[in-house]
Amino acid sequence: MSAAQKRGFAWLSFALTAGLALVAGLAAIHAANADKTPTLRITLAARGMAFYLEGDDTPNPTLTIPADSSIEICLRNEDRGSLHDLACPDLDLRTMQLSAGRSQTIRFRTPAEPGRSQYRCTLHPIMMRGEIRVVAPSGAPAPGGQMNTPR
Ligand SMILES: [Cu+2]
């Protein structure tokens with residue numbers, strides 16, 4: 001191999017490597033954007049043995065979320081001295097048990113079919129419970145929508 005051929009080979013392999021790195025980088029950015037742009041973000045606070053949406057005094061509110069969408073729920077425990085979590089077995093959601101001042105964000109994809117499920121704190125399931133309504137993306141509730149989980 002001549003010096004010129006060697007230089008050419010070195011340049012070619014550099015260009016190939018750089019090209020592959022660029023493609024991999026773009027793919028990673030694309031994937032990250034797809035994951036990190038939820039359709040809806042919900043912040044729930046746990047306090048006084050109930051869940052509350054930010055800026056709303058309704059205890060254990062119904063959470064209405066669109067079907068077939070990427071959702072992010074952030075649970076924050078504001079109760080001194082009590083652990084709380086958030087679970088919805090139908091939708092396969094569960095946070096850790098959070099001590100006062102801690103929060104956790106969970107991301108999930110809603111089912112394609114509208115329906116209703118219960119959410120609760122597994123430590124205080126009688127006091128801390130509410131409904132999650134998965135609605136058609138248009139916002140129109142499905143007629144008599146049932147969750148697609150056998151009971
Ligand atoms: Cu609790």
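The following paragraphs describe the secondary structure, strand pairing and nonpolar core of a predicted model.

The protein contains one helix and nine strands. From the N terminus, the order of elements is α-β-β-β-β-β-β-β-β-β. Of the 151 residues of the protein, 15% count as buried. Among contacts between residues at least 6 apart in sequence, those joining residues at least 24 apart make up 65%.

Four of the strands form an open sheet in the order β2-β1-β4-β7, and the pairing within this sheet is mixed. Its edges are formed by β2 (50–53) and β7 (103–109), each of which pairs on one side only. From one strand to the next, the twist averages 25°. At the β2 edge, β1 and β2 are joined by four bridges in the antiparallel sense. Arginine 47 has alanine 50 of β2 as its bridge partner.

Further pairing involves β9. Strand β3 (residues 63–66) runs parallel to β9, and four bridges join the two. In this pairing, leucine 63 lies opposite isoleucine 132 of β9. Strand β8 (residues 115–120) also pairs with β9, in this case in the antiparallel sense and over six bridges. Here tyrosine 119 is found opposite glycine 130 of β9. The two faces of β9 differ in their cover: Gly130, Ile132 and Val134 make up the covered face, whereas Arg129, Glu131, Arg133 and Val135 lie on the uncovered one. Thus the β9 residues standing opposite leucine 63 and tyrosine 119, namely Ile132 and Gly130, both belong to the covered face.

The largest nonpolar core comprises 16 residues, of which Leu44, Ala46, Ile73, Leu75, Leu86 and Ile132 touch the most other members. At least two residues of this core come from each of β1 (40–47), β4 (70–77) and β9 (129–135). Two of these strands, β1 and β4, are adjacent in the order of the four-stranded open sheet. Ile132, one of the core members with the most contacts to other members, is also on the covered face of β9.

The surroundings of leucine 86 illustrate the packing in this region. When neighbours within four places in sequence are left aside, leucine 86 is in contact with Leu44, Ile73, Leu75, Leu93, Thr95, Tyr119 and Cys121. Among these partners, Leu44, Ile73 and Leu75 are themselves listed with leucine 86 among the core residues that touch the most other members. Tyr119, another of the contacts of leucine 86, is the residue that stands opposite glycine 130 in β9.

How values were computed. Residues are numbered from 1 along each chain as its sequence is written. This is a predicted model: local features need pLDDT of at least 70, side-chain atom pairs count only at pLDDT 80 or more; totals for chains, interfaces and linings use all residues. A nonpolar core is a set of buried Ala, Val, Leu, Ile, Met, Phe, Trp, Tyr and Cys residues joined through C-beta atoms within 7 Å. A residue is buried if 20 or more other C-beta atoms lie within 10 Å of its own, exposed if 12 or fewer, and partly exposed in between; C-beta atoms are placed from the backbone. Two residues are in contact if their C-beta atoms, placed from the backbone, lie within 7 Å. Two strands pair if DSSP finds at least two bridges between them. Axes are lines fitted to C-alpha atoms, for helices over the stretch in contact, and angles run from 0 to 180 degrees between N-to-C directions.
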